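Here are a few friendly notes to read alongside the model. Please keep the structure open and find each residue as you go.

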Amino acid sequence: MSHVEVYGIRHHGPGSARALRGALEEFKPDAVLIEGPPEADPIVELAGDPDMVPPVALLAYSPAPTSGSAAGSGEGGGDGDRDRKAAFWPFAEFSPEWQAIRYALGAGVPVRFCDLPAAHQLVPADDDEHEDEAAEDAAEEVEASGDAAEVIRLDPLGWLAKAAGYDDAERWWDDVVEHRGGGPSPFAAIAEAMTELREQLAALPEGKASAALPPGHALREERREAHMRRTLRRTLKEGHERVAVVCGAWHVPALRAKVPAAHDDRTLRGLPKAKVAMTWVPWTHGRLAGWSGYGAGVRSPGWYHHLFIARDRPIERWLTAAARVLREEDLHVSSAHVIEAVRLAEALAALRGRPLAGLDEVTEATRAVLCEGADLPVDLIQKRMVVGERLGAVPERTPMVPLARDLRAEQRRLRLKPSALDREQDLDLRKPTDLDRSRLLHRLRLLDVPWGVPAETGRSKGTFRETWTLTWRPEFDVELIEASAWGTTVRGAATARAESLAAHATALADLTSVAERCLLADLGDALPTVMRALADRAAVDTDVAHLMAAMPALVRALRYGDVRGTSTGPLRTVVDGLVVRVCVGLPPAITGLDDDAAREFLGRVDDVHGALSLLADDGHLERWRRTLEGLVGRPDTLHGLIDGRLTRLLHDAGRLDDVPDRMARVVSTGTEPARAAAWIEGFLSGGALLLVHDETLLRLVDGWVSDLPGDSFTDVLPLLRRTFGAYAANERRAIGERLRNLDHAPAAASRPSEDDVDEARAAAATTTTLRILGWERWA
């Protein structure tokens, strides 16, 4: 006589996991069925490998990746985005399904997955076009309307929690299941509650029960449950007499129901299929959290992990660990603090009628006692412990695409271990190992696998130094699968991707960016193709703005290419040609600009000037400066913003000795205030130190602003605010101090003394003035 036990669990619940492990040890099944994709049956035995360290996830993907395919994570049973080409089924150590797998492998009994195959789930349904949006809308309608059918189906735990007097479904489930310290198995009560809910749902008028469900949701759930029953029948037919089925609590009544096999066959007949492959990949606690977008996520993976591994005195152990974290940050926390925090947490739990202090209680106790009311230490504990970020690991023999295997080999060779936490990596490019690390990270970025993010100022500190922030995310495994379309090794795939980017680039700046990335990644095989495309495009592009936009990336590649030991000869030829064409084409392109165009060109000019300064080629710098000198020689054709900026660049280069006179003319009463303000903005956009150290220029600016009429001052105020608002606070403070100490009266050297007056020469002028005023008798 066969005996089937169906255990309804909550995905990623430590109490469910502990209770399930005990129930399985008591029941001693000869076969275990688990909600999950059946394609994973051939690789389930890898879960027993000592090198398999949760959190991990089953990954189903299309073995023929296409660019633009998306990845999503399943909701316990693999539900997710309709158009994706990959899906995840995550497991933590405290996941009931993981404990069921480990029990079956340890007991030597068959373990299988019984959910609807991933081959069917990864095929987009015709009526699912906006399924995710519809699900969110339905949830909002449930909360607003309170309709029984909608609440029961979309949030059965919330309905039960409300019936029990709770306003928080997760807190209710914690109290009745996750925080249980012992006692009878909860699965019979869970099954009874879900059966009652489904009976109430079935008793509602036809169509009412699924009115607010996302399109296709009910049909997909029916198919999933039909396949679970089919797998159960097949297992019993094979001769297994004691079968344990582990599934989401909502599905328990459906698996216990006496549904004819013919009905399930009709439900599953003719389903479309996609070709999929299956593997294990590392996962993180952060991706198990509900805020990550994971449908079956939990609020606090770190807390749940602690509840599962700390079988005795979990509150004391948690607060002790919290104190250790604070001590590592040099915060004083004594044993007395921990004892008092434990007492407070337990008192709060007793006042609230909870069987065990939950995360809310221990957090309040931590804030009040260990952190003495401060929020920043609490945030630290939230990050380190409540989420408890960690990255799992899979055995070396796990199936994976060749590109992923090559990356793992490179990670071992270069001693770069993936981590779920942000980790700073400083690289000295003079060291062979650091140079190879830099090349690997740049190649991965070309493949859209941004494991490392370079610091914006990484190369500005020195030619031989780079700083990266490394963070491994689970979705990189899917991106590696997609990138495997380009090749089987990281270098080969990055080379093919760079050649493709060059072939499809539509702008000169895009090509220069690809060339720079090829040099940084040491892709010598791709560089000739990229350089040919770059030279061809540069030869026919006549837009000076495009040429100027392309130059900074090329110059950076030239400046830093030699450090990496890569040849930059062809690149130098292109740069030389661009400099000449920019200098020839700049004067006509930069004249007669309106405000928006002038501001855009201002950035182009600064970029080219900085690039040529970085290149440090005397011939190119001299040609550029002569071009700027020719432009400032005819200021009437330039926008005030451009004229001021070019004047500043030449002043900094020591090529102008009449800058005070130029500024005096600009801020004189004969110049429109708007043009004067634009000139000042352009001139001062290079930084505030010039005003701090040049009193003459500071006096001119101060006098101009002071003498502006009220309406003119209002007009130019936004420009002035934009200029001075860009300065650092200490620079603005220094300018203010200099202004406070200025003598606003004319300088003594420029004030004529009485001894300098020539009375004979002044007499004629005095007589004429008196006659005009009608004061001739005084003459």
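**Notes on charged pairs and cysteines**

1. Let us start with D448, which is partly exposed, with a relative accessible area of 45%. Please bear in mind throughout that this is a predicted model.

2. Which residue does D448 meet in a salt bridge? The partner is R497, and the N to O distance is 3.0 Å. R497 sits in helix 20 (residues 490-504), while D448 is in the loop between helix 18 (432-446) and strand 10 (452-454). The two residues are 49 residues apart, and the pair links distant parts of the chain. Unlike D448, which is partly exposed, R497 is buried, at a relative accessible area of 15%.

3. Stay with helix 20 for a moment, and look for R491. R491 forms a salt bridge with D522, and here the closest N and O atoms are 4.0 Å apart. D522 lies in the loop between helix 21 (508-520) and helix 22 (527-540), so this salt bridge ties together parts that are 31 residues apart in sequence. Is D522 buried or exposed? D522 counts as buried because its relative accessibility is 17% and the cut-off for buried is under 20%. R491, at 33%, is partly exposed.

4. R491 and D522 also belong to something wider: salt bridges that share partners join them with E410, R413, D436 and R439 into one network. Try selecting these six residues together in your viewer.

5. Now turn to another pair, R233 and D264, whose side chains meet in a salt bridge with an N to O distance of 2.6 Å. R233 belongs to helix 9 (residues 217-237) and D264 to helix 11 (residues 261-268). They are 31 residues apart, and again the pair links distant parts of the chain. How buried or exposed is each partner? D264 is buried, with a relative accessible area of 0%, whereas R233 is partly exposed at 27%.

6. How many salt bridges does the count come to? The total is 42 salt bridges, and the pairs R233 with D264, R497 with D448 and R491 with D522 are among them.

7. Finally, a word on cysteines. How many disulfides does a search of the whole structure find? The search finds zero. Two cysteines to look at are C518, which counts as buried at 1% relative accessibility, and C583, which also counts as buried, at 7%.

Definitions and conventions:
Residues are numbered from 1 along each chain as its sequence is written. This is a predicted model: local features need pLDDT of at least 70, side-chain atom pairs count only at pLDDT 80 or more; totals for chains, interfaces and linings use all residues. Side-chain values use heavy atoms; hydrogens and water are left out. Helices (H or I, at least four residues) and strands (E, at least two) are DSSP runs, numbered from the N terminus. Buried means under 20% relative accessible area, exposed over 50%, partly exposed in between (1.4 Å probe, protein chains only). A disulfide is a pair of cysteine sulfur atoms within 2.5 Å.
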